[in-house]
Amino acid sequence: MDHFSAQQLCIDCNCCHILASERHGEWKARGRQRKVEYFAQQLCITSKYLASVVRDSCGNTPREMIQRYTVNMIAQRLRTTHKTIKEISVEMDFSNESYFGKFFKKYMGCSPAQYRNKMRHDSMSHQSTAALVPNNEV
């Protein structure tokens with residue numbers, strides 16, 4: 001079993017990145033694994049100690065950071081892929097699409113479909129505005 005070092009489990013308070021070992025194609029810590037116990041186990045420390053260290057250095061709980069990172073991973077997939085919401089929910093190991101939608105809405109204030117539509121609309125608006133600006137003024 002590969003264990004993460006403190007460097008590999010890099011918790012960046014500004015970006016909320018929780019990075020996994022890329023060896024052997026590790027996917028679990030890329031938003032799919034959402035349990036504090038998992039990360040503590042990978043670091044060979046207790047969940048309580050991990051919570052203490054994260055809280056002291058960042059002011060957040062590990063759970064809050066993991067959830068924020070998960071939401072960021074979902075938002076990134078909604079923006080950059082053509083996968084269905086159901087496909088993304090399965091990819092991210094949510095038990096069902098309904099829970100996935102509620103989880104996302106809790107943190108983003110809108111459903112995954114609304115978020116995707118807004119991002120597409122904003123992207124199209126930006127592209128059409130950019131097309132109206134001469135190249136030397138960009």
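# Exercises on a predicted all-helix model

Of the contacts in the protein with a separation of 6 or more, 53% are accounted for by residues 24 or more positions apart. The structure is a predicted model, and the exercises below work through parts of it.

## Exercise 1. The overall make-up

Task: State how many helices and strands the protein has, and what percentage of its residues count as buried.

Solution.

Step 1. The protein has 7 helices and 0 strands.

Step 2. Read along the sequence, the pattern is therefore written with helix symbols as α-α-α-α-α-α-α.

Step 3. The protein has 138 residues, and 32% of them count as buried.

## Exercise 2. Two helices in contact

Task: Describe how helix H4 and helix H6 are placed relative to each other, and sort the residues of their contact by type.

Solution.

Step 1. Two packed helices are described by the angle between their axes and the distance between the axes.

Step 2. Helix H4 covers residues 62-80 and helix H6 covers residues 97-108. Their axes come within 10 Å and cross at roughly 105°.

Step 3. Angles from 65 to 115 degrees count as roughly perpendicular. H4 and H6 are therefore roughly perpendicular to each other.

Step 4. On the H4 side, the contact is made by Gln 67, Thr 70, Val 71, Ile 74, Ala 75 and Leu 78. On the H6 side, it is made by Phe 100, Phe 103, Phe 104, Tyr 107 and Met 108.

Step 5. These residues divide into 9 nonpolar, 2 polar and no charged.

## Exercise 3. One residue of the H4 and H6 contact

Task: Decide whether Gln 67 is buried or exposed, and name the residues that it is in contact with beyond its neighbours within four places in sequence.

Solution.

Step 1. Gln 67 lies in helix H4.

Step 2. Its relative accessible area is 13%. Buried means under 20%, so Gln 67 is buried.

Step 3. Leaving aside neighbours within four places in sequence, Gln 67 is in contact with Phe 103 and Tyr 107. Both Phe 103 and Tyr 107 are listed on the H6 side of the contact between the helices.

## Exercise 4. Aromatic rings

Task: Classify the ring pair of Tyr 38 and Phe 39 and the ring pair of Phe 94 and Tyr 99, then give the accessibility of each residue.

Solution.

Step 1. The structure holds 7 aromatic pairs.

Step 2. The rings of Tyr 38 and Phe 39 are 5.3 Å apart, centre to centre, with 85° between the planes. Planes over 60 degrees apart count as edge-to-face, so this pair is edge-to-face.

Step 3. Tyr 38 has 12% relative accessibility and counts as buried. Phe 39 is buried as well, with a relative accessible area of 3%.

Step 4. The rings of Phe 94 and Tyr 99 are 5.5 Å apart, centre to centre, with 45° between the planes, and this pair is tilted.

Step 5. Phe 94 is buried, with a relative accessible area of 7%, whereas Tyr 99 is partly exposed at 41%.

Step 6. Ring pairs also link Phe 94 and Tyr 99 with Phe 100, Phe 103 and Tyr 107 into a cluster.

Step 7. The ring of Phe 94 has a further partner: the charged end of Arg 34 sits over it, 3.9 Å from its centre.

## Exercise 5. Residues in loops

Task: For Asn 60, Cys 44 and Asp 93, state the loop in which each is found, and give the accessibility of each.

Solution.

Step 1. Asn 60 is found in the loop between helix H3 (47-58) and H4. At 17% relative accessibility, Asn 60 counts as buried.

Step 2. Not counting residues up to four places away in sequence, Asn 60 touches Val 54, Arg 55, Met 65 and Arg 68.

Step 3. Cys 44 lies in the loop between helix H2 (36-42) and H3. At 57% relative accessibility it counts as exposed.

Step 4. Asp 93 is found in the loop between helix H5 (85-91) and H6. Asp 93 is partly exposed, with a relative accessible area of 42%.

Step 5. Cys 44 is not a glycine, yet has a positive phi of about 60°. Asp 93, also not a glycine, has a positive phi of about 60°.

## Exercise 6. Distance in sequence and in space

Task: How many residues separate Lys 102 and Pro 112 in sequence, and how far apart are they in space?

Solution.

Step 1. Lys 102 is found in helix H6 and counts as exposed, at 58% relative accessibility.

Step 2. Lys 102 and Pro 112 are 10 residues apart in sequence. In space they are 9.1 Å apart, C-alpha to C-alpha.

Conventions:
Residues are numbered from 1 along each chain as its sequence is written. This is a predicted model: local features need pLDDT of at least 70, side-chain atom pairs count only at pLDDT 80 or more; totals for chains, interfaces and linings use all residues. Side-chain values use heavy atoms; hydrogens and water are left out. Axes are lines fitted to C-alpha atoms, for helices over the stretch in contact, and angles run from 0 to 180 degrees between N-to-C directions. Helices (H or I, at least four residues) and strands (E, at least two) are DSSP runs, numbered from the N terminus. Angles under 35 degrees count as roughly parallel, over 145 as roughly antiparallel, 65 to 115 as roughly perpendicular and the rest as oblique. Contact means heavy atoms within 4.5 Å. Ala, Val, Leu, Ile, Met, Phe, Trp, Tyr, Cys and Pro count as nonpolar, Asp, Glu, Lys and Arg as charged, and the others, Gly among them, as polar. Rings of Phe, Tyr and Trp (its six-membered ring) pair if their centres lie within 6.5 Å; planes under 30 degrees apart count as stacked, over 60 as edge-to-face and the rest as tilted. Buried means under 20% relative accessible area, exposed over 50%, partly exposed in between (1.4 Å probe, protein chains only). A charge sits over a ring if NZ of Lys or CZ of Arg is within 6 Å of the ring centre and within 35 degrees of the ring normal.
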